[in-house]
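Please open the structure in your viewer and keep the selection panel at hand. The stops below are meant to be followed in order, with time to look around at each one.

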Amino acid sequence: MNNRLISVKNLVKYFPIRKGVFRTIAGWVKAVDDISFDIYEGETLGLVGESGCGKSTAALTMFRLEEPTSGEIIYQGENIARISKKKMRDYRKDLQMIFQDPYSSLNPRMKIKNIIAEGLVVHNLLDNKKRMKKVGEVLERVGISANSMDRFPHEFSGGQRQRIGIARALALDPKIIICDEAVSALDVSIRSQIINLFKELQKEFNLTYLFIAHDLSVIKFVSDRVAVMYLGKMVEIAPTKKFFQKTMHPYAQALVSAVPVPNPDYKRHRILLPGDVPSPVDPPKGCHFHPRCPKVMEICSKAEPEFIEIEEGHFVACHLY
Amino acid sequence: MVERKQKILEIKDLKTHFFTENGIAKAVDGVDFDIFQGETLGLVGESGCGKSVTAFSVVRLLDYPGKVVGGEVIFKGDDLLQKSEDQMRKIRGKEIGMIFQEPMTSLNPVLTIGFQISEVLKIHYKMGNQEARTKVIELLKQVGIPIPEQRFDEYPHQLSGGMRQRAMIAMALACNPSLLIADEPTTALDVTIQAQILELMKNLLKQFNSSLIMITHDLGVIAEIADRIAVMYAGKIVEHSDTRTIFFNPLHPYTFGLLTSIPRLDLEMEKLESIPGMVPDCLCFPTGCKFHPRCVFATEICQREEPELTGVEDGHLVRCWYVDKVREESKKIGFSRRLSLVE
Amino acid sequence: MNRIIKKLLSNTTSLIGLLLLLFFVVIAIFAPYIAPPLFDDPYQIVRMTWDIEPRPPGFPMADEMRVVFESLGKQVDRDKALFGTAQGGYDIFYGLIWGTRTAFRVGIITVVFSMLIGVISGSIAAYFGGWIDELLMRITDIFLSIPFLVAAMVLTTILGRGLDKVMVALIAFGWMGYARVIRGSILSTKQEIYIMAARALGVKDFRIILLHLLPNTIFPVLVQASMNIGSMVVTAAALSFLGVGAPLGYADWGQMVSFARNWIIGSPGNAGKYWYAVFFPGIFIVLFVLSWNLVGDTLRDILDPRLRGEL
């Protein structure tokens with residue numbers, strides 16, 4: 001396997017819940033609760049989980065867009081969780097993000113060229129003329145005519161706006177891009193265009209992706225490895241093929257079995273989970289999944305399972321293994 | 001085909017236009033279909049194709065500047081478009097139930113769940129408080145809400161998304177309607193919750209023997225629940241057939257394109273196909289066949305003339321000039337073979 | 001931009017507002033030609049007579065006044081008081097024409113400065129949040145809890161008489177509304193993903209506020225500001241009426257109204273005898289406020305992105 005590009009160790013992010021007149025802290029939302037994983041150069045790590053599982057928070061915290069409560073994020077030999085905000089700003093051009101909502105991710109009052117050039121301006125890269133040349137290049141690369149750089153976001157469709165968002169990230173020649181539900185809001189016929197674009201760009205620029213999605217079919221298609229989160233915890237990480245052949249964690253199994261498949265003849269055993277995801281304010285003791293788990297054992301409510309490597313590259317946090 | 005039961009709803013040449021500042025948007029432009037008792041029809045398409053507008057036109061819940069400008073909506077023998085607003089009110093909720101996408105906003109946040117569901121019963125059946133309460137608790141139990149006696153007095157925000165959607169379903173089913181219209185009922189839900197809700201809906205439909213119009217963009221969801229599927233594009237139905245035919249023998253280039261462009265769990269795929277271009281703006285649809293600018297099979301005739309929705313095989317309707325070409329291509333890809341291999 | 005102009009011209013009420021505003025702007029610009037000054041200080045209202053009692057419209061300049069002006073080396077071209085004279089023989093027409101300049105000055109300066117203070121404090125409070133927000137908003141609350149007119153009066157009394165003092169008072173107690181409005185809209189805009197995107201690019205806080213937040217949040221404030229120009233002028237006039245505003249004889253609408261104070265009830269048996277002393281200054285103030293309100297309304301319709309359905 002390639003080099004480790006970024007390592008996340010024991011990352012924790014709690015949000016305080018404040019109550020009362022004096023805004024005292026009444027509790028914590030345990031959005032990300034001690035997760036560790038590595039991302040290797042040139043790969044796509046797919047991160048799945050249902051809403052509220054902490055996958056987006058994990059991504060934002062990894063890039064210091066939320067301040068981590070504790071834990072380490074090692075990038076280029078440095079723990080970027082502990083460096084000053086100012087120093088972090090210099091790293092930002094390597095670490096880019098693409099967001100879900102193509103409608104609210106572009107400033108409606110800025111021209112496309114200024115949106116894309118923004119990163120170059122704040123990092124003081126290139127002179128003005130070269131900047132515009134670069135803007136034109138990345139726009140053309142993502143499939144939008146460079147002639148439209150003087151237009152405003154509302155003149156573009158959802159798919160085109162997502163392309164502009166990609167161009168904005170691309171302009172800085174980043175090393176790693178987090179795609180946070182980047183194709184979820186798009187129409188089916190547009191989604192495949194964007195997914196294909198992501199794949200092409202990866203090859204062309206040797207990009208590394210952390211691809212966050214709730215749709216396992218998309219994850220299966222784009223990722224080299226799959227990571228599953230549940231209630232702030234990482235429950236399983238495995239190479240994609242292995243993951244789908246031999247899903248180990250009961251939650252991951254249920255997730256895979258619940259994905260709707262566009263094939264009326266596709267027969268499978270569907271695992272229907274009872275109840276809802278508990279609140280991350282007060283997660284269940286022991287394994288967070290135990291109240292809904294079809295294979296629950298006595299130990300599950302007492303001890304939290306460790307995240308261990310079962311087979312090469314296949315990590316699971318479950319007492320079954 | 002199975003023996004056909006009673007026809008519940010028949011839509012003929014429905015046209016709904018939006019009269020906007022920038023011109024007339026022909027959101028629905030001549031849609032025909034019918035639904036039989038106990039059957040589920042899937043209305044599939046991308047945003048802006050007119051699938052939701054079609055449904056809202058049926059129950060006449062269109063907001064300004066939308067207006068039904070033509071066609072008939074025959075529900076149990078009467079044209080709904082000719083009814084007065086008063087008559088419509090008696091049909092909505094009682095004869096036709098609706099389930100919306102966003103369970104957070106479709107329930108009133110300041111009223112209890114129980115109050116909102118019993119209101120329907122009180123309006124349509126003139127039930128008393130106690131009677132309605134008993135009935136609602138029974139309904140909540142039926143849709144799988146635990147401790148319904150307690151949930152009855154709770155407010156929407158105290159329920160999770162999945163539970164709220166269950167409550168919506170209970171409300172829609174309260175008067176035992178013969179037709180349900182569900183507009184993306186599971187889109188806002190998580191996959192595991194979506195699986196629960198779909199399972200629930202399937203069971204309830206059987207139990208109540210209701211028909212369902214299921215509107216969604218998710219081909220996976222539709223494969224699971226629909227008996228028949230109508231694919232919409234730019235305000236028109238472009239292909240209409242039973243579910244297996246749509247998935248295994250698609251004959252419209254758009255359906256074909258959709259099916260090859262979705263990543264799927266049941267196949268190992270190297271590359272996704274994609275439909276070039278984008279969904280046209282309903283203010284300025286292309287001439288001729290509305291799909292032609294994005295279609296790989298398009299020729300000169302497609303630009304000029306719009307094809308009719310014609311029967312190709314038994315009950316398989318397609319709106320395309322080049323059905324044969326698509327069939328060949330479909331065979332080449334081997335839809336049916338590829339899909340049956342998976343099992 | 002073209003669309004905005006088109007919209008402004010297509011709507012009757014907004015057209016009326018714009019024309020009224022244009023009317024006042026023309027008056028302000030051409031004041032020296034419409035009402036040529038006779039004192040060295042053009043804001044000193046020309047007096048037509050020494051009489052205390054107001055004189056009706058068309059009253060000719062008294063001979064003794066003419067002598068005074070001619071001895072000052074001024075040519076008296078306009079020797080009739082078109083709108084009559086106010087208490088003390090002050091020419092109402094002259095006072096209103098030059099008062100228009102005063103009105104614009106007071107309105108625009110107070111609104112611009114109070115808007116600046118409000119926008120800066122409000123956006124800092126909203127963007128940084130936490131104790132900064134708490135502190136700034138509590139200060140805002142304290143200022144808001146003091147009745148505006150009373151506070152302004154007290155402050156002007158302390159600072160002394162004069163238009164500049166009035167403006168200081170109006171600014172000191174007029175910025176809180178803007179702070180509130182901008183804070184609210186920044187708090188919601190802050191949630192937009194493009195703000196997160198800007199942070200992800202490494203954009204500095206100051207630049208985010210200036211380039212990303214303010215252009216998307218400033219419009220409700222501008223609308224409020226344009227409407228406030230009118231009300232600021234009314235308040236300044238009220239202060240003048242109460243006797244803490246412009247110095248005696250200074251061309252100011254409030255002063256014109258205050259001149260009428262003792263004559264409003266007319267004379268016994270003839271209640272409307274001095275109608276012109278109130279009517280003309282009153283109508284100027286009303287029309288001025290109205291024009292800004294109409295323009296503000298139109299601005300809101302045009303600038304509100306939600307109404308436009310573009311965002």
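The tour goes from the contacts between chains to a sheet inside one of them. Please keep in mind throughout that this is a predicted model.

**Chains A and B**

Begin by selecting chain A and chain B, since of the two pairs of chains that touch, this is the one with the most contacts. Here 39 residues of chain A are in contact with 47 residues of chain B, and the two chains bury about 3,800 Å² between them, with 58% of that area on carbon and sulfur atoms. If you then pick out Val188(A), Phe221(A) and Pro262(A), you have the three residues that together supply 16% of the area chain A buries against chain B, more than any other three.

Next, show the side chains of Arg268(A) and Glu224(B), which form a salt bridge whose closest N and O atoms are 3.6 Å apart; across this interface the rule finds three salt bridges. Colouring α6 (188-205), α7 (216-222) and α9 (250-258) of chain A will mark helices that each supply at least two residues of the side touching chain B, and among the elements of chain A it is α6(A) that gives the most, with eight residues.

**Chains A and C**

Now select chain A together with chain C, where 24 residues of chain A are in contact with 22 residues of chain C and the buried area is about 2,200 Å², of which carbon and sulfur atoms give 61%. Which residues form the salt bridge here, with closest N and O atoms 3.1 Å apart? Zoom in on Glu118(A) and Arg207(C) to find that pair, the one salt bridge that the rule finds across this interface. On the chain A side, β6 (95-98) and α3 (112-122) each supply at least two residues, and α3(A) gives the most, with four.

Before moving on, display chain B and chain C alone: no contact joins them, and their closest C-alpha atoms lie 11 Å apart.

**The sheet in chain A**

Finally, return to chain A and select the open sheet of four strands, which has the order β2-β1-β4-β5 with antiparallel pairing. Because β2 (24-40) and β5 (78-79) of chain A stand at the edges with a single partner strand each, one side of each is left without a neighbour in the sheet. Follow β1 (residues 4-19) of chain A along β2(A), with which it pairs over 13 bridges, and look for Phe15(A) standing opposite Val29(A) in β2(A). Helix α1 (residues 55-62) of chain A packs on this sheet, touching β1, β2 and β4 (70-75) of chain A, and its direction makes about 115 degrees with that of β1(A).

Terms used:
Residues are numbered from 1 along each chain as its sequence is written. Chains are lettered from A and ligands numbered from 1 in the order in which they are written. This is a predicted model: local features need pLDDT of at least 70, side-chain atom pairs count only at pLDDT 80 or more; totals for chains, interfaces and linings use all residues. Side-chain values use heavy atoms; hydrogens and water are left out. Contact means heavy atoms within 4.5 Å. Buried area is the accessible area (1.4 Å probe) that two parts lose on being put together, summed over both. A salt bridge is a side-chain nitrogen of Lys or Arg within 4 Å of a carboxyl oxygen of Asp or Glu. Two strands pair if DSSP finds at least two bridges between them. Axes are lines fitted to C-alpha atoms, for helices over the stretch in contact, and angles run from 0 to 180 degrees between N-to-C directions.
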